[in-house]
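Student: Please give a close account of the surroundings of the ligand. Before turning to that part, kindly deal briefly with the aromatic pairs.

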Amino acid sequence: MKILFIGMGYVGTTMGAVFANAGHEVSGLDINQEKIASLTKGELYFYEPGLQEMLVSQIGHERLSFTTDAKEAIENHDILFITVGTPSLEDGNADLTYVKKVAQMIGRYKNMEKTIVVKSTVPIGTTNKVKEWINEESTDPNPVHIAMNPEFLREGNALQDALYPDRIIIGSDDEEALETMHKLYQSWKCPILQTTAMAAETIKYASNAFLATKISFINEMAKLCDTLGVNIKDVSKGMGLDERIGPHFLEAGLGYGGSCFPKDVKELLGTAEAYQRPLGLLKEVEKINKNQCTYFFEKLKKSFDTLEGKRIVLFGLAFKPHTDDTRESVSFPIIDQLLKEKASVAVHDPVVHLSKDWITKGIKQYSDPYDAVEGSDAILICTDWPQYQELDWERVRHLVNEPSIFDGRNMLEANQIKALQFQYTGIGYS
Ligand code: UGA
């Protein structure tokens, strides 16, 4: 089958490569010439484990190509996936500008019967509007078949999630679209659930909101554990052994960041309010998440008379490991707080480079974590990159000024670290 992906972000690029890998002929369209030039050369412009290799191999097999020519691309394909971004507007609602522009562009260049698949995370009810936007712009009499097919890719694990998903959701009541979608996914070995488009949109938001709820729940428990002197890791483990609860997304820490959970929680809250069905539980989830950083920072502040002039090293800038994405990463509000307290701040991240703005604010970035910790008064772990677990902490102990670790991700073995004469502080874990 010939498939076009419109929007070459991490979802479009990953799914494009994976469909090419499954034997389809795939094109990727984007208005950003730099992105397309880079992908055409087989150079992934973002960090995603394993994807670079698949990109190069599929381009080599001539099953994957990229273009900025919208007219030609739309005319020559009959299955079009919409994978453009839906960032948050100031009021928290999703910005549908890009989705609408793409729909209108499809309408303008539509020359034959087409199946349109909305894969962008869109507010409930949008997929049906996409069809209207296409038809409003089109003079072509051939029908449009529309489906909603939410994505469940985690950054840093996107390739595995795309190849081996837990489930595939196909939301449509259009027979032609359903047939095309089932054919497209026929080699995938996981449950395929067929729903309405609106149910598919709701499943996507509800899934992210539920995972965010698990995280805020365990963070709330962690604070109680701090007071009780109970180890939150034991609690997570004990809870997770119950199959009805499951072990995932029960890691207490600095809370959730990234381009999805914060945005999708906000959007769902907004939708629910618009329908006069406010989601009180989810509001609390968001509030707990926002306060998690402050809770952590207070722990740091309490252990010093003043942070002024103290050398604080921050490990991790990405919102989670295995990605270079820093959107809604907790590291930056923490750096801001440190600057307000007039601390001297040094940072390390295995893949993220600080922008000039931060450097001019006086933050020093080190490529070697051992250089970063020299003379430090405290080390703050903000991203659970496995590299930090593998550090020679004894060597670190000899380099620092004060042996003090604030582990915002509870990633180190507290007892081992304490045995090296470090002061160790986690979240609900010490
Ligand atoms: C999330 C979902 O997991 C994907 O299924 C979904 O497709 C994607 O959003 C999306 O909507 O596009 P992602 O944002 O890449 O994926 O990252 P996650 O692995 O879900 O982590 C989100 C945040 O939660 C990170 O900041 C992570 O550090 C934090 N987290 C995760 C915890 O604090 N504790 C946990 O136990 C798990």
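Tutor: In this predicted model, the count of aromatic pairs comes to 14. One of them joins Phe-19 and Tyr-185 in a tilted arrangement, with 5.4 Å from centre to centre and 55° between the planes. This pair links distant parts of the chain, since its members are 166 residues apart. Phe-19 belongs to helix α1 (residues 10-21), whereas Tyr-185 lies in the loop between α8 (175-184) and β8 (192-195).

The ligand itself takes up the space of the largest pocket. Two elements each give two or more residues to the shell around the ligand, namely α9 (197-228) and α11 (261-274). Of these, α9 provides the largest share of the shell, with three residues.

In composition, the shell divides into 10 nonpolar, eight charged and three polar residues. Among the 21 residues around the ligand, those that come nearest are Glu-151, Glu-155, Lys-204, Asn-208 and Lys-320.

Backbone atoms also take part in the surroundings of the ligand, through polar contacts with its oxygen atoms. At Glu-251, a polar backbone atom is 2.9 Å from a ligand oxygen. A polar backbone atom of Gly-257 lies 3.0 Å from an oxygen atom of the ligand, and for Phe-152 the separation between a backbone N or O atom and a ligand oxygen is 3.3 Å. As for burial, the ligand on its own has 720 Å² of accessible area, and the protein covers 92% of that area.

Technical notes
Residues are numbered from 1 along each chain as its sequence is written. This is a predicted model: local features need pLDDT of at least 70, side-chain atom pairs count only at pLDDT 80 or more; totals for chains, interfaces and linings use all residues. Side-chain values use heavy atoms; hydrogens and water are left out. A residue is near a molecule or strand if one of its heavy atoms lies within 4 Å of it. A polar contact is a pair of N or O atoms within 3.5 Å; within protein, one must be able to donate a hydrogen and the other to accept it, and residues adjacent in sequence count only if both atoms are side-chain atoms. Accessible areas come from the Shrake-Rupley method with a 1.4 Å probe; for residues, only the protein chains shown count as cover. On a 1 Å grid over the protein atoms alone, a cavity is a set of points where a 1.4 Å probe fits but cannot get out, and a pocket is an open set with protein on both sides within 12 Å along at least five of seven lines; lining residues have an atom within 4 Å of a point. A molecule sits in a cavity or pocket if more than half of its atoms lie within 2 Å of its grid points. Helices (H or I, at least four residues) and strands (E, at least two) are DSSP runs, numbered from the N terminus. Ala, Val, Leu, Ile, Met, Phe, Trp, Tyr, Cys and Pro count as nonpolar, Asp, Glu, Lys and Arg as charged, and the others, Gly among them, as polar. Rings of Phe, Tyr and Trp (its six-membered ring) pair if their centres lie within 6.5 Å; planes under 30 degrees apart count as stacked, over 60 as edge-to-face and the rest as tilted.
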